[in-house]
There are 2 protein chains.
Amino acid sequence: MVEENAPLTYKDAGVDIDGVTTALKSVGQMAASTHKDPRVLTGLGSFGALFRADFGDMREPVLVSSADGVGTKLLVARRVKRFDTVGADLVNHCINDILVMGAVPLFFMDYVAAGHFEPGMVEALVSGFADACREQGVALIGGETAEMPGLYGRGDFDLAGFIVGVLDRADALGPERVRPDDVLVGLPSTGLHTNGYSLAQKVFFEKAGLAPDATLPGLEGSVADALLAVHRCYLDVLRPLLKDPALHAMAHITGGGFTDNIPRVLPEGVGAVVDRDAWTVPPLFAHMARLGPVERDEMDRTFNMGVGMVLAVARPDADRIVAALEQAGAGPFVMGRLESGRRAVRYEGAPGL
Amino acid sequence: MVEENAPLTYKDAGVDIDGVTTALKSVGQMAASTHKDPRVLTGLGSFGALFRADFGDMREPVLVSSADGVGTKLLVARRVKRFDTVGADLVNHCINDILVMGAVPLFFMDYVAAGHFEPGMVEALVSGFADACREQGVALIGGETAEMPGLYGRGDFDLAGFIVGVLDRADALGPERVRPDDVLVGLPSTGLHTNGYSLAQKVFFEKAGLAPDATLPGLEGSVADALLAVHRCYLDVLRPLLKDPALHAMAHITGGGFTDNIPRVLPEGVGAVVDRDAWTVPPLFAHMARLGPVERDEMDRTFNMGVGMVLAVARPDADRIVAALEQAGAGPFVMGRLESGRRAVRYEGAPGL
């Protein structure tokens, strides 16, 4: 009876503040390693993170922000207990989202939540954020780590990321720059990036019954390796082109594929033509189409099909832009064109893979 | 056999893009209703949200950001299927976090994730964000809504929020302003705000075996009503004081209670004395202490004890500040003082409730 009425503590409720505090110390060190920008005024620990709003010689600076998650790619990470890359997926995804507006990133904040953190898990997750932030010159200036028993099932966790970047208003990319005779230039993805993972796992692990360490023709490493390939960041290859007047708009090919994402940067009265014969769809996608089976139209509205970024460029400058991207190692290719018509994607070429 | 090999779609994998798209339309309208600030340049739908970095006559503008979640308060919301207030909790929490640095909010972004969204759930959740943003004059400029079967259990969901505000560097509040003879002024909370919910639910629903609609002496409405009371936003009452030189620092009393949060704004060599006799702890907290039981020290390092915001103000100006807050309807009271000593909280007064 005495024990039954022993005083309750927060720890009894499944929350170990001290455990999280210990993890947060090493998180703080990782974050500090990304604070190369002198505009970062504080580290973590304060209630808010400070970043000096000094944008050099920009005439009309505009903040560009985006929030995102990793989606069910996290399930693949959990399946093979590899937690140190999904943070990089999220950082790169967020960078690409503001990059297509014409912005360069300033700072990033993360949200990490789970029912229970196994030892080392927070550190592994945050190392992914910190690695990508350091690599891309983005300050990881804050975040929230929450251990919430009952809200997440055993082993369940989630990540969200928030990015803020800046552009000079005159350099903003988008529909108002687009012309109906623009050329579409594609840049290769490294894999599925961060979308379509619910369907991909259904195909590989349920329908085809493959183990995560199974291999398939044309894939480097296992199926899990291919699925966990880090979302490519296009900042380094595209940054030199951001002030090029021939670059009109860019679409980051995420959830919804070409079908949903290309129209997001088109004005009314302009449609896109994607030539399915213009590039070889990587084996990872071809395997899914076959093993599902998944029809080509469904593939194109779900996956990036090996093309993570699509640029709309002025036709007279297309060769020059492609050459510049080629030189930067971006692997560009002309994959279609714009045309007058319905604000949607029309596919040409063979529907097979 | 034919059916077994019928083509798979993204919807077969449990993801209904069209369903989410429909919800997002009404989300877009709610967000647009918060775009009163002419610096907001776009609505949702673009890859990134645009906000003009025009900070008027600030000499050295500094962006202040914070990321947060609602924590296991969401479990209470789920228990009683009330989804339209937790978004406001998160907005207000985020506003308070940057307010204590001396910043006023500019814009907010949300992350909403679940395994499956029941019809109307996304709309209810986002209405909470939009209502609070509209009320506080903050632009809800973007966000991410993710339906992720398999990653979240049936009925599980989570929210995260991200805020950006601004202050003029000379007006930044914090440890460097604090003096060892400062007076601590408290402002009442509306309830638990957004922390301590794992322990609170363990006490009320497990240990005491109460139903969510149970009533207890001194509580307005049911236990669930008391637990879901919206996190108070202190922006309106504190904004007029942000440039007052007598206001040295503020601590938002969140996870870790007084014990962990007050020291976050103290310099080395300065400690805080909290006088437990200075205010009456609201019945909600007293019930928990009794029903747990939960000892007072544990209460003070877990809950806000009825005080959601603590100000450190210059002693000679304390009466003036309290009078101004009184006039603004903030309900201020002197709750302690600073002193030379260890950077920690020392409690005085009776440990009972």
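This passage walks through the contacts between chains A and B, then strand pairing, salt bridges and a few backbone details.

The model is predicted, so local features were kept only at pLDDT of at least 70 and side-chain atom pairs only at pLDDT 80 or more, whereas totals for chains, interfaces and linings use all residues. Residues count from 1 along each chain as its sequence is written, chains are lettered from A in the order in which they are written, and side-chain values rest on heavy atoms, with hydrogens and water left out.

Start with the interface. On the chain B side, 85 residues are in contact with 84 residues of chain A, contact meaning heavy atoms within 4.5 Å. The buried area comes to about 6,600 Å², with carbon and sulfur atoms giving 65% of that; buried area here is the accessible area (1.4 Å probe) that two parts lose on being put together, summed over both. In chain B, the residues that lose the most area to chain A are Leu8(B), Phe47(B) and Leu151(B), together 14% of what that side buries. Strand 2 (residues 61-69) of chain B supplies the largest share of the side that touches chain A, nine residues; helices (H or I, at least four residues) and strands (E, at least two) are DSSP runs, numbered from the N terminus. Sorted by class, the chain B side has 44 nonpolar, 20 polar and 21 charged residues, where Ala, Val, Leu, Ile, Met, Phe, Trp, Tyr, Cys and Pro count as nonpolar, Asp, Glu, Lys and Arg as charged, and the others, Gly among them, as polar.

Charged residues or not, the rule finds zero salt bridges across the interface of chain B and chain A; a salt bridge needs a side-chain nitrogen of Lys or Arg within 4 Å of a carboxyl oxygen of Asp or Glu. Polar contacts do turn up, with 17 residue pairs between the two chains, both residues at pLDDT 80 or more. A polar contact is a pair of N or O atoms within 3.5 Å; within protein, one must be able to donate a hydrogen and the other to accept it, and residues adjacent in sequence count only if both atoms are side-chain atoms.

Strand 2 of chain B also pairs across the interface: strand 1 (residues 49-52) of chain A runs antiparallel to it, joined by four bridges, and two strands pair if DSSP finds at least two bridges between them. Within this pairing, Leu50(A) stands opposite Val64(B). Ser66(B) sits in strand 2 of chain B as well and is buried, at 4% relative accessible area (buried means under 20%, exposed over 50%, partly exposed in between; 1.4 Å probe, protein chains only). A polar atom of the Ser66(B) side chain lies 3.4 Å from the backbone oxygen of Phe47(A). Not counting residues up to four places away in sequence, Ser66(B) touches residues of both chains, among them Phe47(A), Met109(A), Cys94(B) and Phe162(B).

Elsewhere in chain B, strand 10 (residues 333-340) has two antiparallel partners: strand 6 (residues 183-188), over four bridges, and strand 8 (residues 270-275), over five bridges. Val185(B) has Val334(B) as its bridge partner, while Val270(B) is matched with Ser340(B).

Over all chains the structure holds 38 salt bridges. In one of them, the closest N and O atoms of Asp171(A) and Lys243(A) are 2.4 Å apart. That pair links distant parts of the chain, 72 residues apart; Asp171(A) is buried at 15%, but Lys243(A) is exposed at 63%. Arg276(A) and Asp300(A) bridge at 2.7 Å, and both are buried. These two also belong to a salt-bridge network with Arg296(A) and Asp297(A). In chain B, Lys73(B) and Asp89(B) come to 2.8 Å; Lys73(B) lies in helix 2 (residues 73-79) and Asp89(B) in helix 3 (residues 86-99), so the pair ties together parts 16 residues apart in sequence. Both Lys73(B) and Asp89(B) are buried.

As for the backbone, the peptide bond from Gly292(A) to Pro293(A) is cis, with omega near -15°, and a cis bond also joins Gly292(B) and Pro293(B), with omega about -15°. Positive phi in a residue other than glycine shows up at His193(A), near 60°, and at Met305(B), near 55°. His193(A) is buried at 0% relative accessible area, and Met305(B) counts as buried at 0% too.
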